[in-house]
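Q: Could you take me through a close look at one part of this model, the aromatic rings and the residues around them? I would like to see how the pieces connect.

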Amino acid sequence: LIAQGAGIACSPQAILQEFGMWDFISETGNRQKEQKIKGLSPEAAKICRAIYCEQRTLDELLKLFSFGTQKTAAALLELQIADLVEEDAGHIYVKK
């Protein structure tokens, strides 16, 4: 099959891309995430967009925004509950 031009699928994404379906699924997922972001508090929405640009620590977020520790921690918890970000090893927040 490989001699006839078949490729190796390393991931589900590769299969969906081959059939031209990945863009649709990716776009639908982005719309769903955008809907979740619209329902967030203003602080959580700003922090979410910052994390989507670059992974960040709590200290970096505190320096970036003047929300204070309590509101920043609450916003991060809100984002984790909404399944938009997760806390990685080393207390680094990354997009899901």
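A: Happy to; what follows starts at the rings and then moves to a few other residues. Please keep in mind that this is a predicted model.

Let's begin with the aromatic pair, as the structure holds one. Its members are Phe65 and Phe67, whose ring centres are 5.1 Å apart and whose planes meet at 5 degrees, so the pair counts as stacked; the cut-off for that label is planes under 30 degrees apart. Phe65 has a relative accessibility of 15% and therefore counts as buried, since buried means under 20%.

From the other ring of the pair, we can step to Thr72, because Phe67 is among the contacts of Thr72 beyond four places in sequence. The others on that list are Ile47, Leu58, Leu61 and Leu62. Thr72 belongs to helix α5, which covers residues 69-81. With a relative accessibility of 0%, Thr72 is buried too.

Another ring to visit is that of Tyr52: Lys95 sits over its face, 5.8 Å from the ring centre.

Finally, have a look at Arg49, which is placed in helix α3, residues 42-53. A relative accessible area of 43% makes Arg49 partly exposed. Setting aside neighbours within four places in sequence, Arg49 touches Glu34 and Ile37. For the second of these, Ile37, the chain separation from Arg49 is 12 residues, and their C-alpha atoms are 8.8 Å apart.

Technical notes. Residues are numbered from 1 along each chain as its sequence is written. This is a predicted model: local features need pLDDT of at least 70, side-chain atom pairs count only at pLDDT 80 or more; totals for chains, interfaces and linings use all residues. Side-chain values use heavy atoms; hydrogens and water are left out. Rings of Phe, Tyr and Trp (its six-membered ring) pair if their centres lie within 6.5 Å; planes under 30 degrees apart count as stacked, over 60 as edge-to-face and the rest as tilted. Buried means under 20% relative accessible area, exposed over 50%, partly exposed in between (1.4 Å probe, protein chains only). A charge sits over a ring if NZ of Lys or CZ of Arg is within 6 Å of the ring centre and within 35 degrees of the ring normal. Helices (H or I, at least four residues) and strands (E, at least two) are DSSP runs, numbered from the N terminus. Contact means heavy atoms within 4.5 Å.
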